[in-house]
Amino acid sequence: MNILIIGDWHLAHITTGTVLSLGHKVTLLTKKEIKKKLEKNELIVDEPGLDDLFKKGFETNNLIVEYEIKKLKNDFEFIWISNDTNLEISATEVMEEISNLIKELLKKFSSDKDLVISSQIPLGTCDFLKNKFQDNIKNLFIVPENLQLGKGIDSFIKQDRFIVGLSEVIHKEKRPIIKFLKSITNNIIYMNHNSAELLKHSLNSYLAMNISFANEIGKLAKAYNASSKDISIGLKSDKRVGDKAYVLAGNAFHGGTLKRDLNHLESLSKQKNINLPLIKSILISNELHANLVIEILKNYENINNVFS
């Protein structure tokens, strides 16, 4: 396959590396300054094996980097929007950015081209796009990203399932994106666009809830001379919890991704006058824990004694 991938950072670069590793051709549409760096083998994303995949891609002519849509060829099986979403802008601004990009793409490509979005988009984006472009985007797919920093290629190529949001009228088995995903795993869970968008928010919020829960149990463990590590092992041994659950007490969660999704869910609930006390409490708990850790550290010379 020949695939157009659009993006400037981690998601786009990992997607490009994975697609190349599977023997496909990629054109990466990115910023001019990033194109210059990549062509000098100066990657801006540090992930195991990624530099070798890009280098080999250039050597075999399987990788082309462009920065202008007008310079692109029109021979791609599908277009994969993989921009990492700016955490500093609003949900409306995210939708407008995606919309403006698609508007430019439609000047070059036909409306029946598979358009895949893996960028971290807010719930309501597809409704916004379908209302704006009507029949000009006939084959729209949402494939939420599920990558781990530091394990990007490995976490992509070893996924045990893909979530795909799509329209019911699409003959999915014939679409190039589905054929590509099935080359990695046959376990594809289909749902409508809104469900796929909400699922990504839900997953991040669930992980945030797990972290906050574990940290609150950790406080009790410290106060009552129990071991939060032993409690974590015991929880994971229960099949209803699972051995990969985030249930070990530690730091508060940081970075904008989990907070962004929690805030967006709360914003959506206000629009529909829905009360979500649990969702609201996760951020409150996390902020309390972040401040508590600072206070505890003042009283300990050895950080390993903070959580027994």
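**Charges, a buried helix and some backbone angles**

Good morning. K32, K36, K37 and K40 together form a positive surface patch. I begin with that patch, and I should say at once that what we are looking at is a predicted model.

One member of the patch, K32, is placed in helix α2. K32 has a relative accessible area of 41%, so it is classed as partly exposed.

Let me stay with helix α2 and turn to pairing of charges. Side chains of opposite charge can pair when their charged atoms come close. How many salt bridges does a search of the whole structure find? The search returns 10. I shall discuss some of them individually.

One of them joins K35 to E39, with the closest N and O atoms 2.6 Å apart. Both residues belong to helix α2, which covers residues 32–39. They are 4 residues apart, about one turn of the helix. Is K35 buried or exposed? Its relative accessibility is 15%, and because the limit for a buried residue is under 20%, K35 counts as buried. Its partner E39 has a relative accessible area of 45% and is partly exposed.

A further salt bridge is formed by E104 and K107, where the closest N and O atoms lie 3.1 Å apart. E104 is partly exposed at 34% relative accessible area, whereas K107, at 61% relative accessibility, counts as exposed.

The pair D154 and K158 also makes a salt bridge, with the closest N and O atoms separated by 3.1 Å. Here D154 is partly exposed, its relative accessible area being 38%, and K158 is exposed, with a value of 60%. Elsewhere, E68, K70 and K71 are joined into one network by salt bridges that share partners.

I now move from charged groups to helix α1. This helix runs over residues 10–21 and has 12 residues. At 1.5 Å a residue it should span 16 Å, and its end C-alpha atoms are 16 Å apart, so expectation and model agree. The expected span is taken as 1.5 Å times one less than the number of residues.

How many of the 12 residues of α1 are buried? The count is 11, and the helix is therefore largely enclosed by the rest of the structure. For those following along the sequence, the buried residues are H10, L11, A12, H13, I14, T15, T16, G17, T18, V19 and L20. Just after α1 comes G23, which takes a positive phi of about 90 degrees.

The surface also has a nonpolar patch. W9, I44 and L149 make up this patch, which has an area of about 320 Å². Where is L149 placed? L149 sits in the loop between β6, residues 140–142, and α6, residues 152–157. The relative accessible area of L149 is 69%, which means that it is exposed, the cut-off being over 50%.

Next, the backbone angles. Two residues other than glycine deserve mention for their phi values. For Q134, phi is near 55 degrees, a positive value in a residue that is not glycine. Q134 belongs to the loop between α5, residues 125–133, and β6. N225 likewise is not a glycine, and has a positive phi of about 55 degrees. N225 is located in the loop between α8 and α9, the latter being residues 228–237. With a relative accessible area of 75%, N225 is exposed.

Finally, I offer two distances across the model. S202 is placed in helix α8, which covers residues 193–223, and is partly exposed with a relative accessible area of 32%. How many residues separate S202 and I34 in sequence? They are 168 residues apart, and their C-alpha atoms are 33 Å apart in space.

The second distance starts from K130, in helix α5. At 34% relative accessibility, K130 counts as partly exposed. Between the C-alpha atoms of K130 and F213 the separation is 38 Å, with the two positions 83 residues apart along the chain, counted as their difference in numbering.

To close, I return to two points. The salt bridge between K35 and E39 lies within helix α2, and K32, from the positive patch, is placed in that helix too. Helix α1, for its part, is largely enclosed by the rest of the structure. Thank you for your attention.

Methods: Residues are numbered from 1 along each chain as its sequence is written. This is a predicted model: local features need pLDDT of at least 70, side-chain atom pairs count only at pLDDT 80 or more; totals for chains, interfaces and linings use all residues. Side-chain values use heavy atoms; hydrogens and water are left out. A salt bridge is a side-chain nitrogen of Lys or Arg within 4 Å of a carboxyl oxygen of Asp or Glu. Buried means under 20% relative accessible area, exposed over 50%, partly exposed in between (1.4 Å probe, protein chains only). Patches are made of residues with over 30% relative accessible area and no salt bridge: like charges are joined within 9 Å, nonpolar side chains (Val, Leu, Ile, Met, Phe, Trp, Tyr) within 5 Å. Accessible areas come from the Shrake-Rupley method with a 1.4 Å probe; for residues, only the protein chains shown count as cover. Lys and Arg count as positive and Asp and Glu as negative; His and the chain ends are not counted. The place of a charge is taken as NZ of Lys, CZ of Arg, CG of Asp or CD of Glu.
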